[in-house]
Amino acid sequence: MRFLTLILAAAMALPLAAASAEEDVKAAEHAWLAGITTNNFPQLEKVLADDLYYLHSTGVADTKKSYIESMSSGRQKYAKGHINNLKIRVYGNTAVINGDANFEFVTAGKPGKARLLYTHVFVKNAKGWQLVTHQSLKAPE
């Protein structure tokens with residue numbers, strides 16, 4: 001009977017652990033968004049993996065260093081960002097997010113707006129959940 005109780009307790013804990021991981025990934029996603037829209041570079045240093053591959057909707061690819069540098073230099077500025085929809089799937093220490101978001105930005109002095117569909121891949125390591133891959137495209141109008 002005790003064995004059965006332990007099995008049932010473990011089975012009930014699995015969905016709770018998955019929900020907790022999903023919430024942690026969602027928090028990391030919102031930390032990324034807050035970091036880019038407020039130029040919070042220490043926050044971005046924490047949430048972005050050192051080996052980040054960031055593929056913009058324009059086809060330009062950035063590393064962690066070049067991505068943060070483009071914002072700190074003022075070449076790229078995200079004025080506003082609003083996530084419309086997120087689908088989060090967690091697979092152990094890896095999470096995949098499919099997102100839909102609206103952004104207002106300034107790139108090389110030119111203001112713009114875009115609705116982007118994107119994929120993020122986060123990996124959990126000793127530093128927490130970190131973004132390792134971003135790929136986006138402009139949503140059809």
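## A helix across the strands

In this predicted model, helix α3 lies across three strands, β1, β2 and β3. Its direction makes an angle of about 75° with β1.

## The sheet underneath

Now for the strands themselves. Six of them form an open sheet, and reading across you get β2-β1-β6-β5-β4-β3, with mixed pairing. At the edges you'll find β2 (61-62) and β3, each with a single partner strand, so one side of each has no neighbour in the sheet.

Take a look at β1, which has partners in both β2 and β6. With β6 it runs parallel, and four bridges join the two. With β2 it runs antiparallel, joined by two bridges. Y54 is a handy residue to follow here: it stands opposite H134 in β6, and its bridge partner in β2 is D62. The hairpin of β1 and β2 has five residues between the strands, and there G59 takes a positive phi near 95°.

## What's packed inside

The largest nonpolar core has 28 residues. W32, I36, L48, Y67 and F122 are the ones with the most contacts inside it. Helices α1 (2-38), α2 (41-47) and α3 (64-72) each give two or more residues to this core, and so do the strands β1 (48-55), β3 (76-91), β4 (94-107), β5 (110-125) and β6 (128-138). The largest share, seven residues, comes from α1.

Which residues does W32 touch, leaving out those up to four places away in sequence? The list is L44, V47, L48, Y54, Y67, F103, Y118, H120, L131 and H134. So you meet Y54 and H134 again: W32 touches both, and those two stand opposite each other in the sheet.

Methods:
Residues numbered from 1 in each chain as written. Predicted model: local features only at pLDDT ≥ 70, side-chain atom pairs only at ≥ 80, totals over all residues. Heavy atoms only, no water. Core = buried A, V, L, I, M, F, W, Y, C linked by side-chain atoms within 4.5 Å. Buried < 20%, exposed > 50% of the residue type's maximum accessible area, 1.4 Å probe, protein only. Contact = heavy atoms within 4.5 Å. Pairing = 2+ DSSP bridges. Axes fitted to C-alpha atoms, helices over the stretch in contact; angles between N-to-C directions.
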